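Biologist: Hi! Could you pull up the model and walk me through it?

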Amino acid sequence: MKIKLDNVSFSYNEEKVISNLNLEIESSSITAIIGHNGSGKSTLAKLIVGLLEPKKGTIYLDDQVLNEDSIKIFRNKMGIIFQNPDNQFVGVTVKDDIAFGLENKNIEREEMIQKIHKYLKLVGMEEYIEESPENLSGGQKQRVAIAGALSMECELLILDESTSMLDPLGTKEVGETIKKIKNEDNKTIIIITHDLEEARLADRVIVLNKGKIVKDGTPKEVFSDENILINSGLKTMDSVKIINDLKNVDYKNKKEIEAALWELTFKM
Amino acid sequence: MGINFQNVAFRYSPLGKDVLQDINLEVEENDEFVFILGHTGSGKSTLVQNINALLLPYKGKLNVMDHQVITRYRHPIKLNTKLNKKRYNLNKSKHLFAKSNIPVYSRTLRNIRKHIGLVFQFPEYQLFESTVLKDVMFGPKNFKYSKEECERLAKEALELVDFPKELYDRSPFLLSGGQMRRVAIAGILAINPDVIILDEPTVGLDPKGKDTLMNLLVDIQKKTHKSIIIISHDMNVVARYAKRIIVMKQSRIVYDGEKRRLFEDLDKLHEYNLDLPTVSGLSMELKKKNLINYKHLPLTIEELETVIKGGDIYE
Ligand SMILES: Nc1ncnc2c1ncn2[C@@H]1O[C@H](COP(=O)(O)OP(=O)(O)OP(=O)(O)O)[C@@H](O)[C@H]1O
Ligand SMILES: Nc1ncnc2c1ncn2[C@@H]1O[C@H](COP(=O)(O)OP(=O)(O)OP(=O)(O)O)[C@@H](O)[C@H]1O
Ligand SMILES: [Mg+2]
Ligand SMILES: [Mg+2]
């Protein structure tokens, strides 16, 4: 799905949370959005999927204006995983919960059950299928929320800090899965994250600061710019920081070490 | 004093599986900086909720700051006898849980919670007042401070976590994720507990907020010698700040020791679903390429910089 924001502004009350934002996202891409707490990342995500309406400006999905009418077409093509998975669960059991989304898509029972199993297995949660989401650990809740969103096989998938409570291997596995679906199924994926390693997975990184885009580029372009990141309440990758810290220091193999650090960080 | 588990077991319902098994653990009251790591669902949050007696073990001995936490059932029940099923009405396990010993021993519980401050994994569970300021004042109010005093303590705590002043009167539910996390942490700091436990406190914080929080905790410990226990999946934070690491796997403690020994054992790390801190990964690659050499694996940026400059890391 193609996304375009044309001069979009939003506020919950007086203060502007999203401010004259212009942004285009191509289909079949992974975009990471990073930014300080309260910079407007989750708000932006909710605007794109039509949960909030811009106060000013227009949002286009696949070149069509997003409004009360068109949202009906798009709703089933978009999936969002919220920051807190508890805000998302509707079912009494894990199975019901995932089924709920699929029912909305009018998927047949047989296929539905097969999908539920497939995606729960993918996130390692098959044995919890009859469990109540309430009784899951933090990371298990996130895994189920991810399975639910993936099972919808949407054209646009937004993950709002949705791997933040997984163990390190779990986070890696989800990253791999997301790369796979982008490549195989031409999906548009937006990852909102504070985890630089996760942002590195993206084709493109956007930095939000107080509701405005202050940097937009490849991971390499964005993470080389340590100043803009620090000014936005963020940080760069460890490798880039080391190169910058030691810029004026002489040490053995300097050229080779610098080259190796770049390569190790941004090899894709 | 401190926290002492002896062969403790816990389960959420009488017929459910053990979520904590054979837990033996001692944490001193002072100067400990412990990180608890482990696979999703391994029992970390359950363990810390046993420490502040939100959950009660059913077997073993648990002593928290000189208070004996009573186990939930008076006798270790044999679960599959017919009689016990009847006696404990095991089919309605939720009911049993609600009616268990909690009211009887509530004085002990209240005492424990005065000593142990726990920040939950999901900050929403902890927030409930109508404004941010009132929410943070709630804790101190319970300890009979005057209103002015409560307000002062609350504002101090909110400032420590860099929470924006202009949002003090906002409902805590109309905040961004990271802002909510900061309020939840401030709420515990304002009580000034003897031991501070934080369940994934850096989740949702931006990188600057993460550093601020961790430095704040280090600072608090330097000044007050309080012990601090943190559950975390962030290996970079763990590598930098941990004095002691506990790893849980399938309801048991499988590692309890210092950090370097853990991070230098790749097989173990993998078995525990953990990973190297970023810097250690880079270090190993650079060493493979014969660009640097070291005796001890660098765990932090400073350590790797030292090694790159030709120095050595000293313990
Ligand atoms: N429902 C709401 N009502 C009023 N203000 C809100 C509401 N939700 C968010 N805000 C405010 O809007 C701003 C942007 O919030 P948003 O949740 O988009 O930030 P974010 O970038 O996702 O932050 P975080 O990294 O902490 O999740 C914040 O200052 C927040 O306090
Ligand atoms: N309220 C509950 N009722 C029943 N089972 C529960 C409940 N809460 C947790 N569990 C189960 O207990 C086990 C341990 O959960 P716990 O929340 O302690 O894990 P954790 O190590 O904190 O995991 P995470 O890293 O995902 O937060 C999990 O298998 C979980 O499904
Ligand atoms: Mg957010
Ligand atoms: Mg947990």
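Modeller: Happy to; we can go through the metal sites, a domain interface and a few single residues.

Modeller: This is a predicted model, so local features need pLDDT of at least 70 and side-chain atom pairs count only at pLDDT 80 or more, while totals for chains, interfaces and linings use all residues. Residues are numbered from 1 along each chain as its sequence is written, chains are lettered from A and ligands numbered from 1 in the order in which they are written, and side-chain values use heavy atoms, with hydrogens and water left out.

Biologist: Great. Which residues coordinate the magnesium ion called ligand 4?

Modeller: B:S45 through OG and B:Q121 through OE1, at 2.0 to 2.2 Å. Donors here are N, O and S atoms within 2.8 Å of the metal (3.2 Å for Na, K and Ca), and water is not among the atoms, so sites may look incomplete.

Biologist: And where do B:S45 and B:Q121 sit in the chain?

Modeller: They are 76 residues apart. B:S45 belongs to helix 1 (residues 44–51) of chain B, and B:Q121 to the loop between strand 6 (116–119) and helix 5 (132–142). Helices (H or I, at least four residues) and strands (E, at least two) are DSSP runs, numbered from the N terminus.

Biologist: Is B:S45 buried or exposed?

Modeller: Buried, because its relative accessibility is 17%; B:Q121 counts as buried too, at 9%. The classes are buried under 20% relative accessible area, exposed over 50% and partly exposed in between, with a 1.4 Å probe and protein chains only.

Biologist: What about the magnesium ion that is ligand 3, what are its protein donors?

Modeller: A:S42 (OG) and A:Q83 (OE1), lying 2.0 to 2.4 Å from the ion. That pair is 41 residues apart, with A:S42 in helix 1 (residues 41–48) of chain A and A:Q83 in the loop between strand 6 (78–81) and helix 3 (94–104).

Biologist: Switching to domains, how is chain B divided?

Modeller: Into domain 1 (3–119 + 194–274) and domain 2 (276–315), with bounds from an automatic or database domain assignment. Eleven residues of domain 1 are in contact with 13 residues of domain 2, contact being heavy atoms within 4.5 Å.

Biologist: How much area is buried between domain 1 and domain 2 of chain B?

Modeller: About 1,000 Å², with carbon and sulfur atoms giving 55%. Buried area is the accessible area (1.4 Å probe) that two parts lose on being put together, summed over both. On the domain 1 side, B:R240, B:R260 and B:F263 lose the most area, together 50% of what that side buries.

Biologist: How many salt bridges are there between those two domains?

Modeller: Two, where a salt bridge is a side-chain nitrogen of Lys or Arg within 4 Å of a carboxyl oxygen of Asp or Glu. There is also a salt bridge to look at between the side chains of B:R260 and B:E303, at 3.2 Å, N to O.

Biologist: Nice. Now chain A, what does A:I158 touch?

Modeller: Leaving out residues up to four places away in sequence, A:I158 touches A:A45, A:I48, A:V49, A:G79, A:I80, A:I81, A:I190 and A:I192. A:I158 lies in strand 7 (residues 156–160) of chain A and is buried, with a relative accessible area of 0%.

Biologist: Any odd backbone angles? What is phi for B:D22?

Modeller: About 45°, which is positive although B:D22 is not a glycine. B:D22 is in strand 2 (residues 20–27) of chain B and is partly exposed at 48%.
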